[in-house]
Amino acid sequence: PWYVVPDNGMGDPAVVHTDYPYFYTTSTSGAVQSFYWNWSAFTGKQDIGFPGSLNLSPVKISGNTAYLYGRDYSGNIWRSTRVSNLPLTEIKMVNCP
């Protein structure tokens with residue numbers, strides 16, 4: 001089945017599973033947002049404080065820990081960390097050549 005993502009996300013979405021499946025997208029206002037799947041709909045919309053990005057990449061590093069990477073409109077790479085179902089933390093720019 002197809003499901004509607006709130007706020008008409010734009011750009012490339014990203015999905016990663018820690019305790020719940022999490023979905024990330026850039027809203028039409030340019031903010032990166034997080035949703036989780038509650039087994040019937042995407043809910044828990046949260047602006048994650050990540051600069052707007054059209055390219056989002058999740059990387060799962062263990063059973064309940066994952067990173068979300070994205071490139072802002074100036075070309076800088078950003079990363080945040082999700083552990084289990086806790087809010088994203090360590091939102092910071094990553095030095096990449």
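Let's start in the middle of the fold, where strands β6 and β7 run antiparallel to each other and are paired through seven bridges. Bear in mind as we go that this is a predicted model. Within that pairing, leucine 68 sits across from serine 80 of β7. The two strands make a hairpin with five residues between them, and in its turn glycine 75 adopts a positive phi of about 95°.

Stay in that loop for a moment, because it also holds aspartate 72, which lies between β6 (65–71) and β7 (77–83). Aspartate 72 is buried but takes part in no salt bridge. How far away is the nearest side chain of opposite charge? That side chain belongs to arginine 71, and the distance is 7.3 Å, while a salt bridge would call for a nitrogen–oxygen distance within 4 Å. What the aspartate 72 side chain does have is a polar contact of 2.9 Å with the side chain of tryptophan 78.

From here we can follow β7 itself. Why can this strand be called largely enclosed by the rest of the structure? Six of its seven residues are buried, so the surroundings cover most of β7. On to the next partner: β7 is also joined to β8 (residues 89–94), again in an antiparallel arrangement, by four bridges. Here threonine 81 has threonine 89 of β8 as its bridge partner. The β7 and β8 strands form a hairpin too, with five residues between them, and serine 84 has a positive phi near 55°.

Tryptophan 78 leads us on to the interior. Trp78 is one of the 12 residues of the largest nonpolar core, whose members also include Leu68, Ala66, Phe50, Ile48 and Tyr22. At least two residues of this core come from each of β1 (10–17), β2 (21–26) and β6. As a general background, nonpolar side chains in soluble globular proteins tend to be buried together.

Tyrosine 22, a member of that core, is a good place to see how distant parts of the sequence meet. Setting aside neighbours within four places in sequence, its contacts include Ala14, Val16, Phe35 and Tyr36, as well as Arg82, Ser84 and Asn85. Serine 84 is thus a residue we have met already, in the hairpin of β7 and β8.

Finally, step back to the whole chain. There are eight strands and zero helices, giving the pattern β-β-β-β-β-β-β-β along the sequence. Of the 97 residues, 38% count as buried. Among contacts with a separation of 6 or more, 30% link residues 24 or more positions apart.

How values were computed:
Residues numbered from 1 in each chain as written. Predicted model: local features only at pLDDT ≥ 70, side-chain atom pairs only at ≥ 80, totals over all residues. Heavy atoms only, no water. Buried < 20%, exposed > 50% of the residue type's maximum accessible area, 1.4 Å probe, protein only. Lys, Arg positive; Asp, Glu negative; His and termini not counted. Polar contact = N/O pair within 3.5 Å; in protein donor to acceptor, adjacent residues only side chain to side chain. Pairing = 2+ DSSP bridges. Core = buried A, V, L, I, M, F, W, Y, C linked by side-chain atoms within 4.5 Å. Contact = heavy atoms within 4.5 Å.
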